[in-house]
Amino acid sequence: MGATTVLTTARLELVPLDPDRDAESLHAMLGDPAMDPYGWAEPTGDVAETRERLRADLAGNGGWTWAVRLRPDDAALGAIGIFSDQGRSIRGLSWHLRRSHWGRGIMGEAAPVVVEHLLAQPGITGVEAWIDTRNLRSIGVARRAGLQEASRMARVYPDHVAQQVVMVRAAEPRDSDVVAVFPDLPVRDVEAGAEQLAHVLGLHVAFRYPDPPTMARLTVTPWAGSQGLNLVRAEGTIPPVSLTIDLGIAPDLVYERALAAGLGVDGPPVDQPWYRRTFAMVLPDGQQLRVQGPLRPERG
């Protein structure tokens, strides 16, 4: 079906995108090399290329894109819509605005009405936006539209690795039945194991209990409710255990830390067909941690 409804706010008119009508005004945005330092696509070279990109976007997402106008002007200042259909009822959301109009609250005004409209459509159960953690303007836009942080993922740029926050909103919000999963890792020395993994993986020791500890919790962040794992003191034979650790930084950095800490490894990180770079390290009690992270930047 696509975007067929004109949406309005106090200052804005959001009209279904028309590549032929809007390409010239949107070329000032899509052709600007400094417009989106966190984006995926290269700037368009001319209006014709901008028109073709807009057409391709509409063909991929079923027409769910709006051009953003600031009344009374009819020129498109930006665009907001969903990504190509990936066969999911949760749709990816993105927006872009000409730099000349940054800092005026335009996209923060547009996003809430678009999100409300999308979440009222059959077949769309939620929207999510993947935003570089340094892009504070876009994170603010997402919050204005009622999106909340759900998770984080690594992001590989041509010359560096960064992280992006996944901001989400459901059509029918509900609390999850499960709020966290904490695998147990048996070790003989909980205190030493906690300190070693905190250093090598950059984890946080949330607590140890009792003194000396028979259990310690390591978490991804220092905040309450963070995901992580438990170290539990084991007696006798320790069963074989294998865990996978997903990194938000280059795995080569963790590989060097593991070597410096005297841990066994199966070799340097290796690129895998599923776009991850992996290696395994072996803890003193024989447990294997499979470590995976982003690929190397092209110019890294």
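Helices and strands here are DSSP runs numbered from the N terminus, a helix having at least four residues and a strand at least two. With those labels, E10 and E11 can be used to place Pro 212, which sits in the loop between them. The model is predicted.

The peptide bond between Asp 211 and Pro 212 is cis, with omega at about 0 degrees. Another cis peptide bond links Arg 71 to Pro 72, where omega is about 10 degrees. Pro 72 belongs to the loop between E3 and E4.

E3 and E4 also lead to the interior. Strand E3 (65–70) and strand E4 (76–82) are among the elements that give two or more residues to the largest nonpolar core. This core has 33 residues, and the members that touch the most others are Trp 66, Ile 80, Trp 95 and Leu 118. Further elements giving two or more residues include strand E5 (90–97), helix H3 (106–119), strand E6 (126–132) and helix H4 (136–144). Strand E2 (12–16) and strand E8 (161–170) also appear in that list. H3 supplies the largest share, 8 residues. A second core, separate from this one, holds 25 residues, including Leu 185, Val 200, Ile 245 and Met 281.

Leu 185 leads on to a sheet. Its bridge partner is Leu 231 in E12. The strands concerned, E9 and E12 (residues 228–233), run parallel and pair over 4 bridges. In general, the strands of a sheet pair through backbone hydrogen bonds, in either a parallel or an antiparallel sense.

The open sheet has 4 strands in the order E9-E12-E11-E10, with mixed pairing. Which strands stand at the edges? They are E9 (184–187) and E10 (204–209); each has a single partner strand, so one side of each lacks a neighbour in the sheet. From one strand to the next, the twist averages 20 degrees. Helix H5 (residues 190–201) packs on this sheet and touches E9, E10, E11 (215–219) and E12. The direction of H5 makes about 155 degrees with that of E12.

One further loop has a backbone feature to note. Tyr 275 lies between strand E15 (270–271) and strand E16 (277–282). Its phi is near 65 degrees, a positive value in a residue other than glycine. Is the Tyr 275 residue buried or exposed? The cut-off for exposed is over 50% relative accessible area. Tyr 275 has 64% relative accessibility, so it counts as exposed.

How values were computed:
Residues are numbered from 1 along each chain as its sequence is written. This is a predicted model: local features need pLDDT of at least 70, side-chain atom pairs count only at pLDDT 80 or more; totals for chains, interfaces and linings use all residues. Side-chain values use heavy atoms; hydrogens and water are left out. A nonpolar core is a set of buried Ala, Val, Leu, Ile, Met, Phe, Trp, Tyr and Cys residues joined through side-chain atoms within 4.5 Å. Buried means under 20% relative accessible area, exposed over 50%, partly exposed in between (1.4 Å probe, protein chains only). Two strands pair if DSSP finds at least two bridges between them. Axes are lines fitted to C-alpha atoms, for helices over the stretch in contact, and angles run from 0 to 180 degrees between N-to-C directions. Contact means heavy atoms within 4.5 Å.
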